Each structure stands twice: as C-alpha cells, then as structure tokens.
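Thank you for letting me speak today. I would like to walk slowly through one structure, taking a few places in turn and saying plainly what can be read from each of them.

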Amino acid sequence: MSNLVWLASFPKSGNTWLRLFVANYLMNVKEPFPINKAHLLTFGDMMGMPYEKLSGKPLSALDDDTIDALRPRVHRALAAQKADVMLVKTHQAVIQRKSAWTVTADVTKASIYVIRNPLDVAVSYAHHYGRNPSEIIEALDSRWHKLPGDKKTIVTQYLGRWSDHVLSWVDDQELAALVLRYEDMKRDPHQEFAKAIRHLGMEVEEERLDRAIRFSSFDELSRQEESSGFIERSKNAERFFRGGRVGDGLACFTDAEIQRVIDDHREVLTRFEYLDDSGRLKLL
C-alpha cells in the first residue's frame, strides 16, 4: 500500500507543531489532544524497535549498514498496517545509503516538508541539545552532519547540509512534497494548515480547522508541557516549547556568522524568499 505520509523537516523547524496540529484535526477532539500521546498517531522513523523485530536482534547488535538495509522493510511493514494514512515523522534527508534510500517512495502517499530560517533553527537546535549556537552554524554546512543513534532505542538520522536537506525533499518528484514555511505558519496558520489538510486528501472543515489550530498553539503546548512535561524534551533542555519566535537568530549571531549562513545557503534562501532585494535575511 502507498499510505505513508511523511512529515519531514530539518530538526527544530516546526515538525512537532505540525504533528500536533494534524493529531488535533484528525481526532476532531473537543479538547486539546495530549502532547504526550502524539506518538500514538505518528510513527517516528528514528525508533529502533521495528529494526529489532525484523532482525531478531537488539539494536546494540545492529551496525549502521544493517539498519540501512532494513529500512525499506521497516517502511513496508508500516505501510502494511490497515490504515488509509500512516503519519511518519522524519528528520532524514532523502539520500541513498548504499543499496537503500532513507525514504521509501513506493509506499508513500504524500509528504509535507517544513522549512525554517536556518539561523532560527540553529538557536532552537542549540537549546534543545545543550550546544553552543555557533557550533550549530558549523554543523548546518557539514555534509556529514547526523544525529547518531544511541544503540538502545534510536537509529542514526542522516541530515547533511541544511541546504542539501531541503533540496533532497522539495526537488524529489516522486515524493512531491508540499512545502510549508515555518514563518508563514506563524503569520497565517489558517491558510498554511489548510494547505496541509488538502494535501492529505481531506476536506477542510472551517470550525474543525480553527479548533485544531487553537489546540496546537504554542500557548496551549507550553501549558501542557508545564503541567505534565513532554516525553520528547531533550535532557539538555529546560523546555521543549520555548515560544517558536521568528527572528531569534538575527539577535543571537554576529554579523559575520549571519553572513556566513547567507553565503553557505544563498541558493535555497533566495528560492524560498528568506532574503530581501539587497541579499539580507528578512524575518517574514
């Protein structure tokens, strides 16, 4: 079956916000869907358990080559579940790892890619993993950038350069991703989230849409995290939902660092209208 719907992004670009909106819309709930139950509706493709089941071995016994070879089987097993839509969260770039791709196109129904200003990504990324933001500027331009698996429950996620990550999704004709800019999601959530619902092949119901947007607002998500914590929060971060502000990067980095990001990623920044007519980063 071709029923996998990929919710894709570079880390800290708005993937979790999108997932929680979709959860609230799909469930059509009358009160906010619990953030700690999002995993019940969305499979995270970094989870190691399916690889253990298919191989019959603990994750600690599987090297990256073995995991790469198993990945298409994991995706096909997921697609074999009796559901019209299987939501899959991913931070993988679409790349070929020896004989297998990180994303299996022939079982894909649709994909949505969330893109965010890389300077804001760097600030949020650094906060989440307890790193120096300037270190993340370096990582954004490394073709070897990855999130290593922990050999316990999580497999390696291959990111590469920020620009290459974006292009690997948005220029893949088989995956035909809907691209949502994080900044547009903040500016006009009604318009952008309606695009997502239509892309999933569903009818937009206005009252249901408004309710799902309200139930997945940053104020609501922060309230839930403060009340019950969030299982996806990194041990290095005090909070997962920090407000999702636009423009943090311009205040956090030096002029030289900002210019480096522009120079490193000019093609993609221009294409997705992150630069003004003078070649400077703009907020919206």
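Let me begin with a definition, which is that rings of Phe, Tyr and Trp, the last taken by its six-membered ring, count as a pair if their centres lie within 6.5 Å. Please also keep in mind that what you see is a predicted model.

With that rule, the structure holds eight aromatic pairs, and ring pairs link Trp17, Phe21, Tyr25, Tyr182, Phe193 and Phe218 into a cluster. A pair of aromatic rings is described by the distance of the centres and the angle of the planes. For Phe21 and Phe193 the centres are 4.2 Å apart and the planes differ by 25 degrees, and this pair is stacked. The two partners come from distant parts of the chain, since Phe21 belongs to helix H1, residues 15-27, while Phe193 belongs to helix H8, residues 189-199, and 172 residues separate them. Are these two rings buried or exposed? Phe21 has a relative accessibility of 0%, so this residue counts as buried, and Phe193, also with 0%, counts as buried too.

One member of the cluster, Tyr182, has a further neighbour, because Arg116 lies over the face of its ring, at 4.2 Å from the ring centre. A similar arrangement involves Arg181, whose charged end sits over the ring of Tyr274, 4.8 Å from the centre of that ring.

Let us turn now to helix H4, which runs over residues 118-129. From its first C-alpha to its last, this helix of 12 residues reaches 16 Å, close to the 16 Å expected at 1.5 Å a residue. How many of its residues are buried? The count is 10 of 12, and H4 is therefore described as mostly covered, where buried means under 20% relative accessible area. Among the buried residues are Leu119, Val121, Val123, Tyr125 and His128. What covers them includes helix H5, strand E7, helix H6, H11, helix H12 and helix H13. At the N-terminal end of H4, Asn117 acts as a cap, with a side-chain oxygen 2.9 Å from the backbone nitrogen of Leu119. After the helix comes Gly130, whose phi is positive, near 65 degrees.

Helix H5, residues 133-140, has a cap as well, for a side-chain oxygen of Asn132 lies 2.8 Å from the backbone nitrogen of Ser134, at the N-terminal end. The buried residues of H5 are Ile136, Ile137, Ala139 and Leu140. Looking down the axis of H5, one finds these buried residues within an arc of 165 degrees, so they line one face of the helix. Their cover includes H4, H6 and H12.

I would like to finish with two loop residues. Thr104 is found between strand E5 and strand E6, and its relative accessibility is 7%, so Thr104 counts as buried. Its side chain makes a polar contact of 2.7 Å with the side chain of His75. Leaving aside residues up to four places away in sequence, Thr104 touches Trp6, Pro72, His75 and Arg76.

Val246, in turn, is found in the loop between helix H10 and helix H11, and with a relative accessible area of 24% this residue is partly exposed. Its C-alpha is 8.3 Å from that of Lys186, and the two residues are 60 residues apart along the chain.

Conventions
Residues are numbered from 1 along each chain as its sequence is written. This is a predicted model: local features need pLDDT of at least 70, side-chain atom pairs count only at pLDDT 80 or more; totals for chains, interfaces and linings use all residues. Side-chain values use heavy atoms; hydrogens and water are left out. Helices (H or I, at least four residues) and strands (E, at least two) are DSSP runs, numbered from the N terminus. Buried means under 20% relative accessible area, exposed over 50%, partly exposed in between (1.4 Å probe, protein chains only). The expected span of a helix is 1.5 Å times one less than its number of residues. Contact means heavy atoms within 4.5 Å. A polar contact is a pair of N or O atoms within 3.5 Å; within protein, one must be able to donate a hydrogen and the other to accept it, and residues adjacent in sequence count only if both atoms are side-chain atoms. Rings of Phe, Tyr and Trp (its six-membered ring) pair if their centres lie within 6.5 Å; planes under 30 degrees apart count as stacked, over 60 as edge-to-face and the rest as tilted. A charge sits over a ring if NZ of Lys or CZ of Arg is within 6 Å of the ring centre and within 35 degrees of the ring normal. The arc is that of the directions from the helix axis to the C-beta atoms.
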